[in-house]
Amino acid sequence: MIINVQAKGGFYQIDYANGLKARLYWLDSSIFRYYIDPVEKYQQPAQSQPDLHAQILAADVQEYGDQSIQVELERTETGWSIATKSITINFVKNAGTMSVTKQGQTVLQEVQPIYLNDEYCEQVLANEAGNNYFGAGTQNGRFNLTNEQIIVANTNNWLDQGVASPAPFYWSTCGYGVLRNTFTRGEYDFASTQAETIVTRHYEKRFDAIYFFAKTPYELLHMYHQLTGLPQLMPLYGFYEAHLNAYNRDFWIKADAQDKQAIKYPDGNYYREYHPKELPADLESKAIRETLNGEAGGAAYLLSARGMLDQYLNQDMPLGWFLPNDGYGAGYGQTNTLEGNLQNLAKFVTYANSKGIEVGLWTQQNLSPKDPQHPKPTDRDFEKELEVGVTALKTDMAWVGDGYSFGLNGTQTAAKMIEKIKSEELRPFIITMDGWAGTHSSAAVWTGDQKGGQWEYIRFQIPTYIGEGLSGQPNVGSDMDGIYAGSNAIVNTRDYQWKAFTPIQLNMDGWGTNPKTPFAFSDAITAINRAYLKQKTQLLPYIYSIAHQAVEDAKPMVRAMFLEYPDLPECYTDLVKYQYMWGDCFLVAPIYQNTAADDQGNDLRNGIYLPDRKQIWLDYYTGEAYQGGQVLNNFAAPVWKLPLFVKAGAIIPKAPATNTPKEYQLAKNERQFEIYPFNDNQFTVYEDDGISAKYQMGEFAQTDISTELRNENLIVDIKPTTGNYSEMEKIRTTELAIKVTEMPTNCAVLIAGQKLALRLVRDLTDYAQSDNVCYLDHEYYSNSYLQGIGTDMKQTFFRIKLAHVNVSTSEIVVKLSGVQPLALLAKSKDKKLSITDPLNFSQSQITTVTLSWQPADEKYGRAKYNVKVDDLLYTEITETKLAIEGIEPKKQHSFQVQTITEQGTIDWSPVKYF
C-alpha cells in the first residue's frame with residue numbers, strides 16, 4: 001500500500017506502508033527515475049570492485065530535479081497522479097502500484113508493487129497482447145525477446161543463447177523503455193508463461209530504474225542514447241578489414257608441406273608455429289621468433305607483422321588497421337625496457353602508416369604500469385602507445401573480467417586517455433567483448449571467440465547483430481570465419497560476403513586450423529572475398545552516412561526489418577530472423593546454412609521476405625526486379641553471390657574501390673551516385689575527416705540529393721554541400737549511374753543554373769577518358785570485381801560523368817525524359833489457364849508447420865507454386881510442400897496455392913484453413 005505522495009526538494013517522495021520510501025526524479029517531461037533504497041542513501045549504483053568509476057549515465061544527466069519541467073501533483077479517487085505535458089504517472093493507494101498514461105492511453109502498468117528482499121528486487125508489469133520487447137545487449141541468436149526468458153549477465157558463452165555484452169535496458173513497442181541503473185546480474189521474463197506478465201529482477205537490495213516514453217522505436221533508442229551517451233562514430237579505417245595476431249611471442253620452424261599444422265608463405269616454403277612453452281628443445285636452434293618489424297630479413301621478415309601487412313597489399317586486399325599483439329606474453333618488443341619496446345612499436349606504426357594503415361593493440365592487463373616510476377618491459381602504457389601513433393584498442397576478456405562496472409570502467413578510462421593525449425585530433429575507437437549499458441558511448445562491441453568453418457556461427461550471429469542495434473549498440477563486429485577451427489572454404493567466403501554489410505570485420509589470426517585471412521584458401525575463394533571487401537570500400541560514402549544516422553538518429557546500421565516497416569506484423573517474427581536492412585536502401589539475406597549446395601558451394605536461399613506490396617526490390621547483382629509483399633524461395637545463390645536487394649528509389653553514394661583509408665581520402669575528389677528511379681526519394685551524404693573527434697564540434701559536411709519521377713520524367717537534384725572540415729576537398733567530379741531499361745529520350749544538365757552540353761559517347765573507353773559525357777552502358781556491373789566470377793551480372797544503366805566543380809557552391813540538376821518505371825520490370829507476363837488446380841491439402845506440425853498439396857498435372861509441363869499463408873505470399877516454390885517457421889499456435893490460419901506451369905498460370909485454389 002502507498003500511504004502518501006509528496007513533493008520534496010528536487011524530487012517526489014512515495015511512502016509505502018511497509019516503511020519503504022521511493023524517490024521520483026524528473027529528467028525530462030517524458031523521462032523519470034524511480035529509486036527505492038531501504039537505507040535511504042540514494043547513491044549511484046555500487047561498482048563491482050573498489051577504485052572503479054564506471055558511469056552508466058551520461059555526464060549531463062547526472063544531476064536530477066530540473067525545476068524547468070512543469071509538473072502537477074494531484075489527489076485522485078484511487079490515489080495520486082503526477083503529470084507533465086507528456087505523461088501522467090498514477091499511484092494506486094490500496095494496490096501499491098504505479099502506471100503511466102500518455103494521451104489517455106495506459107502505456108505501462110504494474111501488476112503488483114515493486115518487491116525487495118535481501119537477495120533481489122523485482123518489478124512485474126502487465127503485458128498487452130501484440131506488444132514486442134527488444135534490447136538487453138548481446139543476446140546471441142535473438143532479436144525479439146517476446147515470450148523469452150533472458151539473463152542480463154555475462155555468461156562468457158559465445159554460442160546460440162549465450163550472453164557476452166549484456167545491457168540492463170529493454171523497450172516495448174507499446175511506447176516505453178526501461179534502464180535499470182545497476183551493475184548487478186539481471187533476469188528478465190518477457191511473458192514466457194501463461195501469466196502474461198513482464199518480470200524483471202536484479203540481484204541487489206535496491207530498485208533503481210529510469211523510464212522513458214516515446215512514439216517510435218527510433219525515438220526510444222535515441223532517448224536511451226541521451227541517457228547513456230551517444231554512440232561513437234566509428235573512424236573510417238574501422239570499416240575496413242582488421243588483422244590481429246600475437247606477433248612478437250611465438251617461434252616458427254621450417255616444415256614439410258605434408259605437416260597439417262604448417263602454413264605456406266610467399267617464399268614457397270612451409271612454416272609451423274610454436275608457442276614458446278611448446279617449442280621442442282631440439283628445434284630451438286632452427287627457430288625463428290616472430291617480431292613486429294622483421295629486422296633480420298628473409299623468412300624472419302615474412303613471419304613478422306610487417307610481412308603479413310605486405311601480404312594483404314600484395315594480394316590487392318583492403319586493410320584498414322592492424323593489431324600486432326594480444327597481450328598474453330606477446331607484447332610489442334623484445335628489449336629489456338618498456339621504453340625500448342615502445343620504440344619498436346613506433347617503428348611498426350611508422351611503417352603501417354606509410355602504407356595508409358592504422359595500428360591498434362590488444363590488452364589483457366592494466367592500461368598503465370602498476371609502478372609508473374619503475375615500469376617493467378612487460379607492462380602496458382596506453383598513453384605512451386598513443387604518443388607513438390596507436391589509434392585503436394581492443395580489451396580482451398581475460399582483463400575485462402565479468403563485464404559489468406570493470407569492463408565499462410576500462411573502456412571509459414581508455415577513452416579519457418585518448419582525449420588526454422590526442423585531444424580532439426583522435427576519436428576513441430575501442431572494441432570490447434564484455435560491455436554493459438553505456439558501453440556504446442565509448443566502445444564498439446565484439447561478439448566473442450567463435451569457431452570458423454561451421455554454419456552455426458553464421459546462423460545465430462545474424463539475429464545477434466540485429467539485436468545489438470535494437471539494444472542501442474550500432475557498432476558491432478566479430479571474427480571473420482571465427483577465431484578457432486576453420487578449414488571450410490565455402491563457409492569462409494559466405495562469412496566474408498554478409499559481413500561486408502556489417503560495421504566491423506576482424507581477422508583474428510593464429511588460433512585456428514588455418515590462417516584467418518581473406519586469402520587463406522584457393523585463388524577462386526580469394527577472388528570472391530576480395531570482391532566483397534572491395535565492394536565495402538566502394539560503398540563507404542553510403543556506409544559512413546548510415547553510421548552517422550546511428551549516432552544522430554539512433555538508426556542502427558544493421559537494421560531490423562520492422563524498424564523500416566513497423567506496420568507489417570511479419571517483420572516482428574522469425575520469418576525475418578535471418579535478414580536485415582543495411583541502412584535505408586539494402587536488404588541483406590545471408591547464406592547461413594547448406595540448403596541444397598553442390599560440391600562447389602552453389603546453393604539456394606529460401607524464406608527471403610521482401611516487404612511492402614507497393615515497393616519494388618532489385619537483385620543488386622543482376623538487376624532482376626521483384627514486387628514487394630512476397631517471400632522468395634529457391635533464390636539462386638551461387639558461391640559468389642550474396643542475396644542482396646536494393647530498393648527501387650534508392651540513392652547510393654559510392655566511391656572508387658580502395659585498399660586503405662588513406663587511398664579513400666585521396667579519392668574524395670570523385671563523387672559517384674548510383675540511382676534506382678522510383679517515385680520521390682532523398683538521401684543525405686555525410687562526411688568528415690574520418691578520424692578526429694572534431695565532428696562533435698560541427699566540423700563535418702553534408703550533401704542532400706533527391707530524385708523525382710513523374711510520367712517517365714526524372715529529376716535528380718544534388719544540392720550544394722553544406723559545412724566544412726579540415727582538408728575537405730571541394731573541387732570534385734560527379735558521376736551518376738541511373739538504372740534504366742532503355743536509352744532516355746532527352747537529357748539536360750544544369751550546373752549552378754547554367755545549362756551544360758553533354759556529349760553522348762559510344763564506348764566505355766571514351767567515357768572513362770572524358771568529362772561532361774553520357775553513355776548508355778548495357779554492361780554495367782554493380783561490383784566490377786565479380787566480373788568473370790559471377791554470371792548474368794550485366795545491367796543497363798545510363799551514365800553521366802561531369803567535370804570538376806566546386807561542390808560547396810554548385811547545385812547540379814539532371815533532367816531525363818523517357819525513363820521507364822522500374823515497376824514494369826516486376827510485372828508478370830504469364831497467361832492464365834482456366835483449369836482449377838485441385839488442392840488435396842494436408843499439414844503437419846512438429847517444431848514448424850509443413851504444408852503440402854497435390855502436384856499439378858504433368859501435361860502442363862514443369863510447375864512452380866505460389867502459396868498464400870494468412871495472405872502472406874510465398875513464391876518460387878519448386879516442391880509440393882512448404883515449411884513455415886514461427887506460425888502462431890492455437891490460431892486459425894488460411895492457406896491457398898497457385899500453380900505456375902510452362903503453359904501459364906492456374907487460378908488460386910479455394911481457401912483452406914488449418
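Two strands are said to pair if DSSP finds at least two bridges between them. In this predicted model, strand β38 (residues 616-619) and strand β42 (residues 644-647) run antiparallel and are joined by 3 bridges; the two strands therefore satisfy that criterion. One of the residues concerned is Asp619, whose bridge partner in β42 is Phe645.

Both strands belong to an open sheet of 6 strands, arranged in the order β33-β34-β35-β42-β38-β39 with antiparallel pairing. At its edges lie β33 (558-559) and β39 (625-627), each of which pairs on one side only.

Attention may now turn to the nonpolar interior. The largest nonpolar core contains 215 residues, and the members that touch the most others are Phe32, Tyr34, Phe91, Phe501 and Trp582. Helix α12 (residues 540-552) supplies the largest share of this core, with 7 residues. A second core, separate from this one, has 36 residues, including Tyr351, Leu367, Leu386 and Ile430.

What does Phe501 contact, once its neighbours within four places in sequence are left aside? Its partners are Tyr532, Gln535, Leu539, Val558, Tyr580, Trp582, Val588, Tyr621, Leu642 and Leu644.

Helix α12 also has a helical partner. Its axis and that of helix α11 (residues 523-538) come within 5 Å and cross at roughly 65°. On the α11 side, the contact involves Lys536, Thr537 and Gln538, which meet Leu540, Pro541 and Ile543 in α12. By character, the residues of this contact comprise 3 nonpolar, 2 polar and 1 charged.

How values were computed. Residues are numbered from 1 along each chain as its sequence is written. This is a predicted model: local features need pLDDT of at least 70, side-chain atom pairs count only at pLDDT 80 or more; totals for chains, interfaces and linings use all residues. Side-chain values use heavy atoms; hydrogens and water are left out. A nonpolar core is a set of buried Ala, Val, Leu, Ile, Met, Phe, Trp, Tyr and Cys residues joined through side-chain atoms within 4.5 Å. Buried means under 20% relative accessible area, exposed over 50%, partly exposed in between (1.4 Å probe, protein chains only). Helices (H or I, at least four residues) and strands (E, at least two) are DSSP runs, numbered from the N terminus. Contact means heavy atoms within 4.5 Å. Axes are lines fitted to C-alpha atoms, for helices over the stretch in contact, and angles run from 0 to 180 degrees between N-to-C directions. Ala, Val, Leu, Ile, Met, Phe, Trp, Tyr, Cys and Pro count as nonpolar, Asp, Glu, Lys and Arg as charged, and the others, Gly among them, as polar.
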